[in-house]
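Let us take a walk through this structure together, pausing at a few places worth a look. Please have the viewer open and follow along.

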Amino acid sequence: MKDFLKNKTIGFYLSILSIVLSIILVVLYAIFGVDEFAKTYNPSIFVTLCISIVLMATSLFYEKVLFREGSLLLNLYAFIAYFGTQLNYVANLAANIDGSAISSIFIVSLILYVFDIASSIVSIIFSKKKEHDEINIYQTQE
Amino acid sequence: MNKKFLKPKLYNCLFLSTGVLFSIFLAGRGIAMDNKTIINRTLNINTTSKDASDDAIYFASTYNNDADVKNYVKEVATEAEGEGLVLLKNENNALPLKTNEKISLFGASSVNFNYNATGSSGTDSSKYGTLKDALTNVGFTVNQTLLDFYSTGVGKDYGRVTSGNLYTINEVPFDKYDEATLNSINDSVAIVTLSRESGEGKDISTARSDGEDGSYLSLSNQELDLLKNLTTFKNQNKIKKIVVLLNSSNMIEQDYLYREGIDVDAVMWVGNVGAYGLNGVAKALNGDINPSGRLSDTLCRDNFSSPAMANWKLNNNKSFASGYTNYKAAKLDSSNRSYGVYNEGIYVGYRYYETRYEDAMLNNGNTSEYVYDNDVAFPFGYGLSYTTFDYTSFNVTPSSDGDSYTIKVKVKNTGEVKGKHAVTIYMQKPYTSFDKTNGVEKASVELAGFAKTSEINPGEEEEVSITIKKSQFKTYDSFVNKTYILEKGDYYLSLGVDSHNAINNILLNKNVDSSKIKDDAADKGFAYKINIAEDDLTTYSTSEYTGEKITNQLDHADMNKYDGRGDNSVTYISRNDWESTWPKSKISFTATEKMIEDFKPHKALPTDGIMPTYDSGELVTVASLRGEEFDSENWDRLLNSMSQKDQIKLVTAGHLSTAGISSVALPDTTEADGPTAVTSTKTDSSFPSEGIWASSFNLELIQKVGDAFAEDIINSDTDGIYAPGVNIHRTPFGGRSNEYFSEDPLLTGLAASYEIIGLQKKGIVTHVKHFAFNECETERSGIGIWLNEQEAREIMLLPFELAVTVGDSGAIMNSFNRAGCLWTGADKNLSINILQKEWGFKGYAITDMASSNGGLYMVYDDAYMGGSNLFLSSENSLDEYKDNAAFCEKVRDSAHRILYTICNKSIAMNGLKSDSVVLDVTPWWEILVNTFVITFGIIATITLVMTIVSEILLKRE
């Protein structure tokens with residue numbers, strides 16, 4: 001394990017953070033995804049987050065930046081799709097129709113998505129900063 | 001490959017950027033397609049285009065530009081306000097004011113008048129004229145120093161505040177007025193504006209507000225201080241008189257009029273005035289308009305004095321809603337954990353006050369020491385004028401068939417200025433021993449009919465004729481006969497200037513000591529007694545509209561009759577024993593297993609039924625069926641020709657619109673909220689609150705309001721309106737009082753009917769709302785309303801019955817709440833057995849805003865099976881249900897109702913002949929989004945491939 005963790009970039013650790021956040025988001029969505037404003041689950045959120053976790057996990061062992069980029073795109077999709085499921089809720093809040101309070105789950109999910117996407121982006125950036133050889137630019141660790 | 005093309009970094013950058021855009025557009029497209037009905041409506045995009053012909057104009061508007069429409073609406077709205085406002089007090093003829101009078105406007109609301117309510121009738125009032133404008137326009141001089149104090153001085157930090165669910169008054173404390181400001185008021189008339197907000201989604205605050213008793217409708221200490229100080233100024237001859245304007249659709253408590261140190265000369269209820277109503281107020285103040293409005297609600301001295309409010313007082317935070325005691329253990333959610341109880345039975349508003357008063361006068365019903373004047377400041381129907389009227393030649397004539405009574409009376413103007421007068425007839429049914437034994441209730445007086453005179457000149461008179469149907473004497477007995485009955489006994493028709501005067505006329509016929517009656521206008525001769533010798537248990541047990549047998553349909557909403565009640569029960573108020581049935585402790589309910597089961601959505605669908613015919617291949621257009629009977633087989637031919645997908649689209653895509661279906665040449669329609677203003681108005685117009693229209697007691701005028709409203713709606717490119725609101729002003733604290741007419745169901749129902757007639761004559765489809773039992777807003781999303789069937793039918797449902805039978809409304813809107821455990825939109829007893837079968841309703845029932853609310857219980861399967869026909873939501877494929885034949889039959893019936901209504905009642909049909917073509921149009925935004933998705937998807941894929949290929953090739957080299 002020590003050998004494995006030796007000389008890892010910041011991007012590597014941020015990738016781990018992104019995986020953890022994505023797992024939490026999957027669990028949160030599974031528990032709270034259906035509520036009075038969202039009648040059914042959006043399966044694409046589960047699918048994209050799960051694939052994103054797999055891609056990011058793969059990048060831990062095979063640090064191709066493309067895996068992280070793919071993960072970022074999927075996280076971005078999941079974030080927008082999640083926001084879409086909450087659109088009725090947001091509209092209700094905006095219109096202040098029923099005096100609904102802001103749900104803590106909604107806020108927490110939004111924050112986690114932002115951190116998830118941010119960690120994906122930073123992990124990509126820091127992956128690249130370690131590279132000086134154009135040929136190996138898409139393989140951060142040999 | 002040429003090395004110069006091997007640029008993995010560049011390709012990767014392109015991949016990442018286009019990939020991001022692809023992700024955004026792909027996910028966004030999913031959201032957009034799920035909400036395309038809403039997007040189309042928001043962008044005002046039709047999904048069909050029609051081949052319109054000038055030869056097929058079914059509905060014509062009179063005005064065709066913004067300015068003309070605005071002028072017409074302004075004229076009618078001003079008239080409605082002027083005739084609906086109610087003069088309540090006018091000591092020593094304080095009003096009308098002389099036109100050269102200097103006026104000092106007091107109260108923070110003087111510069112922030114309350115024009116309308118928030119929610120479905122909310123409009124931008126920043127462009128509306130001010131009170132000062134209205135007053136100066138009619139010649140008054142307004143004290144600018146005082147106005148500056150409120151608008152730019154110390155007073156600007158005060159004024160009405162709404163924070164979450166809490167309304168506060170926040171009036172300027174009197175010690176904040178500086179000397180210069182107070183000096184400016186010398187020799188002026190003080191007009192004090194008392195304003196209160198209201199709106200959708202929350203009831204008026206009964207506690208925690210800054211009203212003296214914690215409620216928002218009592219006066220705050222600052223308001224009381226202001227009135228006391230003004231009284232002192234008046235006594236010092238610093239000001240001439242004090243006039244109070246009650247600027248609220250909810251009735252402000254009138255206790256201040258009885259306070260030591262407060263001496264107000266005149267009080268006028270003006271409601272919410274809308275865009276132009278202040279002009280009517282100003283004209284009433286200077287005498288150009290002679291007030292003729294009569295209260296459409298009781299104006300209380302104590303707003304908590306009714307049985308309904310006595311119940312609220314016992315609940316946490318004096319709230320209408322309570323939670324089932326075991327809601328946590330039973331894992332109930334926000335859509336089913338709350339309930340509200342209509343413990344008052346039929347004793348709503350004046351029905352309670354006058355009945356208890358009569359029983360106190362006659363020593364009946366264990367009334368204890370009941371003092372009417374402690375509860376009521378101004379009775380229902382009360383209203384003063386600048387002139388006086390006398391009644392002569394009052395007579396009642398039964399029709400030859402005995403089915404009706406015609407009341408005639410001559411109204412003479414005995415004053416010095418011309419004016420109109422509302423003649424109101426009240427009825428009394430006998431409270432029999434059968435009633436006492438079996439829980440049937442009778443109010444002492446009920447409004448039975450009314451009419452408004454034209455403007456009568458001084459010294460002249462006009463005969464008024466009002467016909468009362470014998471069927472109005474019927475009573476709903478939910479216990480023994482389980483239908484409407486007509487009991488034997490003495491009935492009275494009383495010509496009363498208000499509800500209290502009406503009962504006093506009757507009491508004088510019952511040999512009450514006349515010295516006990518403090519009513520100078522009471523006259524024994526104005527009450528006519530009718531004796532009915534025999535009980536009639538059959539005539540009214542079938543529907544007069546359809547012949548359908550009428551029997552109990554709402555036992556499931558009456559906790560005492562509901563088969564899953566467990567240990568729960570309600571003590572309804574009974575005049576047989578007022579004291580024993582008066583609320584003494586909170587009505588606590590525990591959700592039983594049966595209730596928890598009944599709360600659950602997705603009831604089992606029937607497995608029988610015949611799958612409807614689709615795609616028959618025949619070409620039948622909607623326009624070709626104009627005028628066809630609802631049951632005509634030609635409608636079957638048209639429905640057979642439609643695809644299942646089109647029928648589903650038609651019944652699901654109802655967000656402020658109905659979908660166009662090209663296969664049957666059905667055009668799109670667009671609808672808008674709400675009852676006192678079309679929210680898409682292009683003329684910045686709005687009307688006064690519905691209560692003001694009702695208090696005009698002038699149905700002809702209300703129809704004219706409907707006509708003017710229709711012009712504004714048509715001018716806004718809209719075909720239908722989510723109005724009128726016809727729920728009952730059950731208490732003064734209902735949040736949407738602005739959108740509802742009155743505490744009286746007959747006045748509400750007739751006012752709504754004539755508005756509907758005015759609107760639908762111009763091709764605007766009305767959606768009467770909220771069906772049913774949506775008198776309060778607290779926890780409205782799924783709250784269970786528990787009430788008995790007599791109250792339901794005689795009070796809460798009667799306005800809807802009139803709106804769909806007299807008014808012939810094309811559509812009705814369900815409510816968010818439940819009747820007992822069942823959401824009203826899925827309650828087939830309510831929406832099918834009563835609405836369709838008893839009342840013969842052939843229009844469609846739309847849900848309330850299903851897209852933003854209550855997704856846990858407002859579900860498609862329950863809704864269509866329970867009588868809803870259209871979802872106020874975006875299009876849905878209904879894939880889960882479309883193989884169920886019974887469900888598909890309901891969808892087909894719903895499509896039939898929508899088609900029938902649009903075909904015959906909607907202005908959207910203008911231009912369509914039998915052979916006209918309607919074409920599908922793909923909205924521009926849909927094309928744009930699809931283009932982006934495809935383009936970015938392709939580029940992202942290519943650049944991804946190029947990235948990988950470049951890297952591999954470079955590695956090899």
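A good place to begin is a pair of helices: helix 19 (residues 699-715) of chain B packs against helix 20 (residues 745-760) of chain B at an angle of about 40°, and their axes are 7 Å apart. Keep in mind as you look that this is a predicted model. Two packed helices are described by the angle between their axes and the distance between the axes. Angles under 35 degrees would count as roughly parallel, and those of 65 to 115 as roughly perpendicular. Helix 19 of chain B and helix 20 of chain B are therefore oblique to each other. The crossing of helix 19 of chain B and helix 20 of chain B is right-handed.

Which residues of the two helices meet? From helix 19 of chain B come B:Leu699, B:Ile702, B:Gln703, B:Gly706, B:Asp707, B:Phe709, B:Ala710 and B:Ile713. Helix 20 of chain B meets them with B:Leu750, B:Ala751, B:Tyr754, B:Glu755, B:Ile757, B:Gly758 and B:Leu759. Sorted by character, the residues of this contact between helix 19 and helix 20 of chain B comprise 10 nonpolar, 3 polar and 2 charged.

Now turn to helix 13 (residues 499-509) of chain B, which is mostly covered, with 10 of its 11 residues buried. The buried residues of helix 13 of chain B are B:Ser499, B:His500, B:Asn501, B:Ala502, B:Ile503, B:Asn504, B:Asn505, B:Ile506, B:Leu507 and B:Leu508. What covers them? The cover includes two helices of chain B, helix 10 (350-362) and helix 11 (372-375), along with strand 16 (422-428), strand 21 (489-495) and strand 22 (527-532) of chain B.

Both ends of helix 13 of chain B deserve a glance too. At its start, a side-chain oxygen of B:Asp498 reaches to within 2.9 Å of the backbone nitrogen of B:His500. After helix 13 of chain B comes B:Asn511, with a positive phi near 60°.

Positive phi values turn up in loops of chain B as well. B:Asn366 is not a glycine, yet its phi is positive, at about 50°. You will find B:Asn366 in the loop between helix 10 and helix 11 of chain B, two of the elements that help cover helix 13. Is B:Asn366 buried, exposed or partly exposed? Its relative accessibility is 41%, so B:Asn366 counts as partly exposed.

The loop between strand 26 and strand 27 of chain B holds B:Glu779, another non-glycine residue with a positive phi, here about 55°. B:Glu779 has 38% relative accessibility and therefore counts as partly exposed. The loop between strand 26 (765-771) and strand 27 (784-786) of chain B also contains B:Ala772. A cis peptide bond links B:Phe771 to B:Ala772, with omega about 5°.

There is a cis peptide bond between B:Asp673 and B:Gly674 too, where omega is about 0°. B:Gly674 sits in the loop between strand 24 (669-672) and helix 18 (690-695) of chain B.

Finally, let us visit chain A. Chain A has 6 helices and 0 strands, so from the N terminus on its elements run α-α-α-α-α-α. Of its 142 residues, 48% count as buried. Among contacts in chain A between residues at least 6 apart in sequence, 71% join residues at least 24 apart.

Notes. Residues are numbered from 1 along each chain as its sequence is written. Chains are lettered from A and ligands numbered from 1 in the order in which they are written. This is a predicted model: local features need pLDDT of at least 70, side-chain atom pairs count only at pLDDT 80 or more; totals for chains, interfaces and linings use all residues. Side-chain values use heavy atoms; hydrogens and water are left out. Buried means under 20% relative accessible area, exposed over 50%, partly exposed in between (1.4 Å probe, protein chains only). Helices (H or I, at least four residues) and strands (E, at least two) are DSSP runs, numbered from the N terminus. Contact means heavy atoms within 4.5 Å. A polar contact is a pair of N or O atoms within 3.5 Å; within protein, one must be able to donate a hydrogen and the other to accept it, and residues adjacent in sequence count only if both atoms are side-chain atoms. Axes are lines fitted to C-alpha atoms, for helices over the stretch in contact, and angles run from 0 to 180 degrees between N-to-C directions. Angles under 35 degrees count as roughly parallel, over 145 as roughly antiparallel, 65 to 115 as roughly perpendicular and the rest as oblique. A crossing is left-handed if the near helix is turned anticlockwise from the far one by less than a right angle, and right-handed if clockwise. Ala, Val, Leu, Ile, Met, Phe, Trp, Tyr, Cys and Pro count as nonpolar, Asp, Glu, Lys and Arg as charged, and the others, Gly among them, as polar.
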